[in-house]
Amino acid sequence: MISIEEAHNLIMASTEALPACETALDDALGLVLAADIVSRDAIPSFNNSAMDGYAVRAADIADATPESPVNLSVVADVKAGDVANVPVKTGQAVRIMTGAPVPAGADAVIRVEDTMTEAGRERAAFERAPAASDKLSPVLVLRSIPAGRNVRLAGEDVKPGEIVLAAGQTLGPADIGLLASLGFPKVPVYHRPRVAVITTGDELLEIDQPLEPGKIRNSNAYSLAAQIKQAGAIPVRYGIAADTPAAARELFQKALAECDVLLTTGGVSVGEYDYVKDVLADIGAAKVFWGVAQKPGKPLGYWNFKNRHIFGLPGNPVAAMVSFEEYVRPMLRRLMGQRLLFRPAVTGTLVSSVRKRPGRVHIIRVHVDKKGAEYLVDSTGPQGSGILRSMVLADGLAFIPADAESMPAGSSVTVHLITLPEDH
Ligand code: AMP
Ligand code: MG
């Protein structure tokens, strides 16, 4: 048996990011950029109005006040999507809508709220659909504004040739929006690994089947697929392998031909029908380790096979999930080019005492209560490795050291916060 640290080191030493590929922008959320993104365009690509109003020459309205408004003739009307082909000369204005191009000659946009039409109608003239006749009627400007006001300048957000997003960055919704505005329907990212799930055991029933004597439903195939998805990878289920070497061998080979990672559950311990290790050896997988000094998850094994990563996870539902959380998830993140691999690790304070046999590290499922700067940590209840409810209620995994026998309430323990994003 090796230690938890050795197991981590061996897994990480054999793991590097999968090759990058061009991925549809719609599927890139949460993935890591494999190359810098250089803008080909300016954003905005033309000077445009930030307001509904009138494009003017600021010097023309320098003396405008509500008491003595400045009268400008309106020579054109531009809305978003139009081309502004009528310039603004001294004494003139162009009616303009938000997002419409600012015409040549104009250097500012006066808001409609700061104008009146000459006929003296109420200020918010744009609230009515303008009749063709009053569209171009002269406008009274009620205040002055500096040049540049309400004009969004070409390139003020992004300049052509600028690196807008750097390699190694994880794409969030705003990054996706920026890439869309720059015209990138595909982006270079580290792709999602395909992760095969094969559960072993003659006792397993598909989850839509009624229970039969001696049988249980194949819950691991679902909890693991959910963990795989949550890690950003793609679960691919290959069904249930019966407890014979031939059944396991056939499914393992198919999965290894089609996926980057293979997860098996069950059949990896020392029981009579535990064939997983033998079958993997038989098909030529190189064993990296088998057996970790932890509880749950002692029979965890890890193999390499032609750039593929294989985990033999224990069959017990909690042991499988905890092993995924602690070992498989960080490895999947590294395959996807993530730099932050591990959940936040904090020092917590035990609310109740814990007793155990010395020898292995116990990983207990806990509820974490943050009181000021202190993390209060309490067991989620019975900790049997088949008791999935202990996991359902957990937001932390607490590590009770291998040589400890009993830890009184108030003791300090390391806790991994398994509902928070990775921070190191
Ligand atoms: P094994 O490691 O094959 O001896 O399995 C250990 C325990 O986990 C046994 O109680 C199994 O019934 C249970 N188990 C194995 N595979 C699954 C599964 N896919 N879903 C739920 N429980 C399982
Ligand atoms: Mg079994």
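**Exercise 1. Locate P296 in this predicted model and describe the peptide bond before it.**

Solution. Start with the position: P296 lies in the loop between β19 (294–295) and β20 (301–305). Next, take the bond itself. K295 and P296 are joined by a cis peptide bond, with omega about 5 degrees.

**Exercise 2. Which residue is joined to P44 by a cis peptide bond, and where is P44 found?**

Solution. The partner is I43, and omega of the I43–P44 bond is about -10 degrees. As for the location, P44 is found in the loop that runs between β2 (37–38) and β3 (48–49).

**Exercise 3. State the sign of phi at N150 and place the residue.**

Solution. Phi of N150 is positive, at about 65 degrees, although N150 is not a glycine. The residue belongs to the loop between β9 (139–141) and β10 (151–152).

**Exercise 4. Describe the overall fold content and dimensions of the chain.**

Solution. First count the elements: there are 8 helices and 28 strands in the chain. Then take the extent along the principal axes, where the C-alpha atoms fill a box of roughly 95 × 50 × 45 Å. Finally, set the radius of gyration against the globule rule. A compact globule of 424 residues would be near 22 Å, but the chain has 32 Å.

**Exercise 5. Where does ligand 1 sit, and how many residues surround it?**

Solution. Ligand 1 occupies the largest pocket. Around ligand 1 there are 15 residues, and the closest are E203, N218, G267, G315 and N316. Sorted by class, this shell holds 3 nonpolar, 10 polar and 2 charged residues. To trace the shell back to secondary structure, look at β13 (194–200) and β15 (216–217), each of which supplies at least two of its residues.

**Exercise 6. Which backbone positions make polar contacts with ligand 1, and how much of the ligand's area does the protein cover?**

Solution. Apply the cut-off for a polar contact, a pair of N or O atoms within 3.5 Å. Take the nitrogen side first: a nitrogen atom of ligand 1 is 3.2 Å from a polar backbone atom of N220. Turning to oxygen, an oxygen atom of ligand 1 lies 3.1 Å from a polar backbone atom of G315. For N316, a polar backbone atom is 3.1 Å from an oxygen atom of ligand 1. On its own, ligand 1 has 490 Å² of accessible area, and the protein covers 76% of this.

Methods:
Residues are numbered from 1 along each chain as its sequence is written. Chains are lettered from A and ligands numbered from 1 in the order in which they are written. This is a predicted model: local features need pLDDT of at least 70, side-chain atom pairs count only at pLDDT 80 or more; totals for chains, interfaces and linings use all residues. Side-chain values use heavy atoms; hydrogens and water are left out. A residue is near a molecule or strand if one of its heavy atoms lies within 4 Å of it. A polar contact is a pair of N or O atoms within 3.5 Å; within protein, one must be able to donate a hydrogen and the other to accept it, and residues adjacent in sequence count only if both atoms are side-chain atoms. Accessible areas come from the Shrake-Rupley method with a 1.4 Å probe; for residues, only the protein chains shown count as cover. On a 1 Å grid over the protein atoms alone, a cavity is a set of points where a 1.4 Å probe fits but cannot get out, and a pocket is an open set with protein on both sides within 12 Å along at least five of seven lines; lining residues have an atom within 4 Å of a point. A molecule sits in a cavity or pocket if more than half of its atoms lie within 2 Å of its grid points. Helices (H or I, at least four residues) and strands (E, at least two) are DSSP runs, numbered from the N terminus. Ala, Val, Leu, Ile, Met, Phe, Trp, Tyr, Cys and Pro count as nonpolar, Asp, Glu, Lys and Arg as charged, and the others, Gly among them, as polar. The radius of gyration is taken over C-alpha atoms; the globule rule is 2.2 Å times the number of residues to the power 0.38.
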